[in-house]
Amino acid sequence: MQIGDLGEQALIKKIVELLGSSYAPGEVGIGDDASLVKPSEGMWLLTTKDLLVEGVHFLLSAGCAADLGYKSLAVNVSDIAAMGGVPRHAYIGLAIPRATTVEFILDFYLGIKEVADKYGMLVSGGDTVASPGPLVISVTVQGEVKRENVLLRSGASPGDILCVTGSLGASAAGLAIILHQLNCPENLRKEAFLFHTRPTPRVAEAAYLAESGGVTAALDISDGLLKDLGEICEASGCGAVIYEDLLPIHRAARTVAALQGISPWQLALNGGEDYELLISVRPSHYDLLAQGYLSRFATDLHSFGKICEESGIWLIKKDGEREKLSFTGFQHFRGG
Ligand SMILES: [Mg+2]
């Protein structure tokens, strides 16, 4: 059945049924004009929103509806984590083409529910309208953080050590495999596809890092390490050095880079949508933080570079050659 045949009220009823205990419209219940929620004692509210347009930010061919729902919420959860916070409430807005099936929308909400349940969040409201054009998804997430634990982009200083919470380039590899139908080993294809369609927001990792006190700046990698590191440098008024041989490049990115005839670091630096945390750490705190992180998460906090005084981002290649990098990844509103 198509959305146009069902009508908005009946669709909302089905969505609420599907969400079950993950749906909670705040104190005053459904039917009032706004959701009313009480933040936990002593916490500050974080709010983030993403707007995703079919054909611009996602392709319906790059995964199923549940994957799309999963990713739409997960990327917002990642932004809350990037500030050191814990996600609490999600608000889902959809502009849906009339020919969309009811099944597609319910599958989309299954992906939303999966993320909400995984991170202990509630879907607390939203809006659904008909779209004369593409499918448009608007997700807002509210989270909470202790004021002293907030992680910003602006605190990095020369000498700080740059780290990421996981390997880079797998999501970009997944997208390249889909778009160019690359002939890649099946296990790598599956792994990269999962990275691309179901990214893992680093919520527990962010809470741990925020509590540590040694993190001077942080963000989540959405547009690619190079552009996002540029954001930290700009906000903090400094530059950065990256060591090629220390970059944690995912094996799927290495395989795809080889198939495309490019250097793996190009995919790792410009690929985007890794949703790992990029942080700068005070050198005096680094050893303790890295050891603590390893014992808590059974995985390395990968250090790959440092903040420097000189502006710009520099790559020190394996042969010792120094190259100034320029950003070539995704930019909104860029012509051509
Ligand atoms: Mg972000």
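The following paragraphs describe the domains, sheets and helix contacts of a predicted protein model.

Because the model is predicted, local features are reported where pLDDT is at least 70 and side-chain atom pairs count only at pLDDT 80 or more, whereas totals for chains, interfaces and linings use all residues. Residues are numbered from 1 along each chain as its sequence is written. Helices (H or I, at least four residues) and strands (E, at least two) are DSSP runs, numbered from the N terminus.

The protein chain is divided into domain 1, which comprises 8-26 + 40-149, and domain 2, which comprises 161-324; these domain bounds come from an automatic or database domain assignment. The centres of domain 1 and domain 2, taken over C-alpha atoms, are separated by 26 Å. The contact between them takes 17 residues from domain 1 and 17 residues from domain 2, where two residues are in contact if their C-beta atoms, placed from the backbone, lie within 7 Å. On the side of domain 1 that touches domain 2, helix 3 (65-82) and strand 2 (86-97) each supply at least two residues, and helix 3 gives the most, with 10 residues. By class, this side of domain 1 has 10 nonpolar, 4 polar and 3 charged residues; in this division Ala, Val, Leu, Ile, Met, Phe, Trp, Tyr, Cys and Pro count as nonpolar, Asp, Glu, Lys and Arg as charged, and the others, Gly among them, as polar.

One open sheet has 4 strands in the order 1-4-2-3, with mixed pairing, two strands being paired if DSSP finds at least two bridges between them. Strand 1 (44-53) and strand 3 stand at the edges, each with a single partner strand, so one side of each is left without a neighbour in the sheet. Neighbouring strands of this sheet are turned by 15 degrees against each other on average, direction ignored. Strand 2 and strand 4 (residues 136-145) run antiparallel and are joined by 9 bridges, and L94 has I137 of strand 4 as its bridge partner. Strand 2 pairs with strand 3 (residues 122-131) in the parallel sense, over 9 bridges; the bridge partner of A90 in strand 3 is V123, while I96 stands opposite A130 in strand 3. Helix 3 lies across strand 1, strand 2 and strand 4, and runs at about 30 degrees to strand 4, where axes are lines fitted to C-alpha atoms, for helices over the stretch in contact, and angles run from 0 to 180 degrees between N-to-C directions.

A further open sheet has 7 strands in the order 6-8-5-9-7-10-11, also with mixed pairing. The edge strands of this sheet are strand 6 (215-220) and strand 11 (322-324), each of which pairs on one side only, and the twist averages 25 degrees from one strand to the next. Strand 7 (residues 239-243) and strand 10 (residues 313-316) pair in the parallel sense over 4 bridges, with L315 in strand 10 as the bridge partner of I242. Helix 3 also lies across strand 6 and strand 8 (277-281), running at about 170 degrees to strand 6. Helix 8 (residues 225-236) packs on the sheet and touches strand 6, strand 7, strand 8 and strand 10, its direction making about 140 degrees with that of strand 6.

Two contacts between helices were also examined. The axes of helix 2 (residues 8-19) and helix 4 (residues 102-118) come within 10 Å and cross at roughly 35 degrees. Helix 2 passes helix 4 in a right-handed crossing; a crossing is left-handed if the near helix is turned anticlockwise from the far one by less than a right angle, and right-handed if clockwise. This contact is made by L11, K14, I15, L18 and L19 of helix 2, together with V102, I105, L106, Y109, L110 and K113 of helix 4, and these residues divide into 9 nonpolar, no polar and 2 charged.

The axes of helix 6 (residues 186-197) and helix 9 (residues 251-260) come within 9 Å and cross at roughly 115 degrees, which makes helix 6 roughly perpendicular to helix 9. Here, angles under 35 degrees count as roughly parallel, over 145 as roughly antiparallel, 65 to 115 as roughly perpendicular and the rest as oblique. Helix 6 passes helix 9 in a left-handed crossing, and the contact is made by L188, E191 and A192 of helix 6 and by R251, A252 and T255 of helix 9. The residues of this contact divide into 3 nonpolar, 1 polar and 2 charged.
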